[in-house]
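User: I should like to go through this structure and ask on what grounds each term is applied to it. Please set each value against its definition.

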Amino acid sequence: PAPPGIPHYLTHADLSAKEIYNLLTLAIQHKHNVKYLNKSSGAPLAGKTLAIMFSKRSTRTRVATESAVAYLGGQPMFLGSQDIQLGVNESLLDTSKVVSSMVDGIMARVGSHSDIETLAKYSTVPVINALSDKYHPTQILADLMTLHEIYVSQPSSPSSYVAHQTHPSKTLPGLRVAWVGDGNNILHSMLATFPKLGVHLNVATPRGYEPSEEIVRYAQTEAGKTNTELKFSFDPKDAVKDADVIVTDTWISMGQESEKAQRIKDFTGYRVTSQMAKEGGAKSDWKFLHCLPRKQEEVSDEVFYSPRSFVFQEAENRKWTILAVIDALLVKKGF
Ligand code: CP
């Protein structure tokens, strides 16, 4: 097993609210430094390597990670499923011991969450979860950063970057997010994160697509400590009631392509549209987020490309939040 004391980033269930806020403030500071002050990082990762072991496709996470490591002066080493023996021909235990003996950190996109737990268990360097079937924590950091930017910038000056001037603990608690969609890894990550921060969450999933009971129980316990509301329904219009933000994701995640016809049938009524939000009683100025890639089924163009939609800012913020996670783990050596 790995030596004790190596920090990994697998799920926000392992982090405190303070540690999550630390990552957010670091991400916000990096964005300010790079985009608005044109500051260099000082190359704290010079001579160091991050192995990026992905068993599935990726646009945002891969580009964010490679560009973040380059900004910090390190070497990103992308290793796709055709390149290395990631659970094929060699055990994950052996792969983890071998790869971690030669690099300074591992970012891994896996199928089963137990795979990333195995990598972390036997790695001698920090392991970052770039998506598993259970959690997608870096995505939720980007979502929270985007919400902070939206709400801190209103109504003063959306064109200037003022997000770094206010702590996200001032903007995020009390927001009400509605999740309308599959009980997938994005919802699981929201459940593992939002209650700790006081962000209310209304959930609607079709019957048969509910989130994991274990993660719901964890979220309910955390919500009890922070007086945060968690609501679960099978009706999207219940979920969007009083929502500040509506979030959805594809109904057909990677690996579920053969279930497409059944899923489209089962998700009838779950498409996010202006009419659905209005009929359900979302706040008049509700915002829209989606982790991307987006399909036509789950959200109408009139929402996706509207001023309510912050999906491309959210995608860009994958870079700043992943940069913060790498900085925290590989440079600062903790959260
Ligand atoms: N949102 C997200 O993880 O995108 P990619 O799969 O393109 O990395």
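Analyst: A salt bridge is a side-chain nitrogen of Lys or Arg within 4 Å of a carboxyl oxygen of Asp or Glu. The side chains of Lys-35 and Glu-316 meet this rule, at 3.1 Å from N to O. The model is a predicted one, in which local features need pLDDT of at least 70, side-chain atom pairs count only at pLDDT 80 or more, and totals for chains, interfaces and linings use all residues. Residues are numbered from 1 along each chain as its sequence is written, and side-chain values use heavy atoms, with hydrogens and water left out.

User: What makes the contact of Glu-149 with Lys-31 a salt bridge?

Analyst: The closest N and O atoms of Glu-149 and Lys-31 are 2.9 Å apart, and the limit is 4 Å. Glu-149 belongs to helix α5 (residues 137-152) and Lys-31 to helix α1 (residues 17-36), so the pair ties together parts that are 118 residues apart in sequence. Helices here are DSSP runs (H or I, at least four residues), numbered from the N terminus.

User: Which other acidic residue meets Lys-31 in a salt bridge?

Analyst: Glu-316 does, with an N to O value of 4.0 Å. This pair links distant parts of the chain, since Glu-316 is in helix α13 (residues 311-331) and Lys-31 in helix α1, 285 residues apart. Lys-31, Lys-35, Glu-149 and Glu-316 are linked in a network of salt bridges. By the rule above, the count comes to 15 salt bridges.

User: Why is Lys-31 called buried, and why is Glu-316 called partly exposed?

Analyst: Buried means under 20% relative accessible area, exposed over 50%, and partly exposed in between (1.4 Å probe, protein chains only). Lys-31 has 3% relative accessibility and therefore counts as buried. Glu-316, at 26%, counts as partly exposed, and so does Lys-35 at 41%.

User: How do you know that α5 is mostly covered?

Analyst: In α5, 16 of its 16 residues are buried. From its first C-alpha to its last, α5 reaches 23 Å, close to the 22 Å expected at 1.5 Å a residue; the expected span is 1.5 Å times one less than the number of residues.

User: What is meant by the largest nonpolar core, and which residues touch the most other members?

Analyst: A nonpolar core is a set of buried Ala, Val, Leu, Ile, Met, Phe, Trp, Tyr and Cys residues joined through side-chain atoms within 4.5 Å. The largest has 66 residues, of which Leu-147, Leu-201 and Ile-326 touch the most other members. Helix α13 gives the largest share of this core, 9 residues.

User: Why is this core said to lie between the domains?

Analyst: Domain 1 (12-135 + 318-329) and domain 2 (139-315) both give residues to the core, so it lies between them. These bounds come from an automatic or database domain assignment.

User: How many residues of each domain are in contact with the other, and what area is buried between them?

Analyst: Contact means heavy atoms within 4.5 Å; 29 residues of domain 1 are in contact with 33 residues of domain 2. Buried area is the accessible area (1.4 Å probe) that two parts lose on being put together, summed over both. Between domain 1 and domain 2 it is about 2800 Å², of which carbon and sulfur atoms give 67%. In domain 1, Tyr-21, Ile-28 and Arg-318 lose the most area to domain 2, together 25% of what that side buries.

How values were computed:
Helices (H or I, at least four residues) and strands (E, at least two) are DSSP runs, numbered from the N terminus.
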